Amino acid sequence: MTENLVRDYYTQSVRQEWRRLVKDAYHHLEFETTLHFLEKYLPKQGLILDAGGGPGRYTLELARRGYRMVLLDMTPANLEFARRQIKRSRLQGQVERVIEGSIVDLSRFADHTFDAVICLGGPLSHVLDQRKREKAIAELSRVNKPGAPLFVSVMSRLSVMVIELMIAPHEFEEPFFKSLRDQGDYFGGFGFTACHFFLPEEFADAFRSQGIDILEMAGLEGIGSRHNKKINALAKNELRWRVWLETHFQTCTHPAVIGMSEHMLLVGKKV
Ligand SMILES: C[S@@+](CC[C@H](N)C(=O)[O-])C[C@H]1O[C@@H](n2cnc3c(N)ncnc32)[C@H](O)[C@@H]1O
């Protein structure tokens, strides 16, 4: 069961996952760019479902901004960690529920419960079965109010080819590589857990085919994707970094940049 593999992986990496989005300038781009689009499309207030929210980085950030939050994840260790962070930050009043569950089955929530739904940093990529992915998209949309924004980010197939080239070209000889390249499916065992890596058009079609309008897509690491060292060095120079961020935000919605970015974000709306 790939779900057990995924849960085991995230159980072992709670702190790593909590640090991931703030650990350096490169990773912070994913966070900052996502927040940029959240600010652009979220209503001013309301109840938000953070589906696959892990240790709660976005739940805490949005709770701090005054939203009421429900955090759902399938890894109990992440949820325990999140509960402690919520308490420490005195945000219990804003976070209504912290629940163990899967994005594939949100039947505990009635239709049209939320003013927005977020599913960020790849939970949908960890659903390996295509029909279950379709179900997850249908569920994320069903629990959202009509017209409410849905934010989903996933891992990119084109970008993972680049990392293979950069750090693991010997894996081109492994049988798994062709499945990764041709179907986007990776079943774990070589440093990361089971994951479906999306092509940008596949990502968009998966939502359009379920009657979800795409408001915008973006590459979260953008044009600097996979250039971790260069980005981290650049961030030390205030002036150059400011120009880079301007460049990043000007280019991150370009179709060529979306597809090559490590994480791709889609903002959708149910029609
Ligand atoms: C890379 S983390 C992202 C966490 C958080 N959204 C963020 O961006 O910081 C992926 C999370 O997805 C969760 N996950 C994977 N498959 C899931 C599923 N089917 N349902 C709910 N959560 C899932 C994992 O437990 C993990 O916490």
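**Exercise 1. In this predicted model, find which residues Asn78 is in contact with, leaving aside its neighbours within four places in sequence, and decide whether Asn78 counts as buried or exposed.**

Step 1. Start by placing the residue: Asn78 belongs to helix 5, which covers residues 76-88.

Step 2. Skip the neighbours within four places in sequence and look for contacts; you should arrive at Tyr10, Val14, Gly54, Pro55 and Asp73.

Step 3. Now turn to accessibility. Buried means under 20% relative accessible area. Asn78 has a relative accessibility of 2%, so this residue counts as buried.

**Exercise 2. Work out which strands join helix 5 in a β-α-β unit, and give the handedness of that unit.**

Step 1. Look for the strand pairing: strand 2 (residues 68-73) runs parallel to strand 3 (residues 95-100), and five bridges link the two.

Step 2. Check the register at one position, where Met69 has Val95 of strand 3 opposite.

Step 3. Put the elements together. Strand 2, helix 5 and strand 3 form the β-α-β unit, and its hand is right. Asn78, from the exercise above, is thus a residue of the helix in this unit.

**Exercise 3. Determine how many residues of helix 4 are buried, and name them.**

Step 1. Helix 4 spans residues 57-64, and seven of its eight residues are buried.

Step 2. The buried ones are Arg57, Tyr58, Thr59, Leu60, Glu61, Leu62 and Ala63.

Step 3. Follow the chain just past the helix, and you meet Gly66 with a positive phi of about 100 degrees.

**Exercise 4. Describe how helix 7 and helix 8 pack, and say which residues meet.**

Step 1. Two packed helices are described by the angle between their axes and the distance between the axes. For helix 7 (residues 157-167) and helix 8 (residues 176-183), the angle is about 145 degrees and the axes lie 9 Å apart.

Step 2. List both sides of the contact. Helix 7 brings Arg157, Val160, Met161 and Glu164, while helix 8 brings Phe176, Phe177, Leu180, Arg181, Asp182 and Gln183.

Step 3. Sort these residues by class: five are nonpolar, one is polar and four are charged.

**Exercise 5. Take Phe177 and settle whether this residue is buried or exposed, then find its contacts beyond four places in sequence.**

Step 1. Phe177 sits in helix 8.

Step 2. Its relative accessible area is 8%, so Phe177 is buried.

Step 3. Beyond four places in sequence, Phe177 is in contact with Met161, Glu164, Glu171 and Phe172. Among these, Met161 and Glu164 are also listed for helix 7 in the helix contact.

How values were computed
Residues are numbered from 1 along each chain as its sequence is written. This is a predicted model: local features need pLDDT of at least 70, side-chain atom pairs count only at pLDDT 80 or more; totals for chains, interfaces and linings use all residues. Side-chain values use heavy atoms; hydrogens and water are left out. Helices (H or I, at least four residues) and strands (E, at least two) are DSSP runs, numbered from the N terminus. Buried means under 20% relative accessible area, exposed over 50%, partly exposed in between (1.4 Å probe, protein chains only). Contact means heavy atoms within 4.5 Å. Two strands pair if DSSP finds at least two bridges between them. A crossover is right-handed if, with the strands pointing away from the viewer, the path from the first strand over the helix to the second runs clockwise. Axes are lines fitted to C-alpha atoms, for helices over the stretch in contact, and angles run from 0 to 180 degrees between N-to-C directions. Ala, Val, Leu, Ile, Met, Phe, Trp, Tyr, Cys and Pro count as nonpolar, Asp, Glu, Lys and Arg as charged, and the others, Gly among them, as polar.
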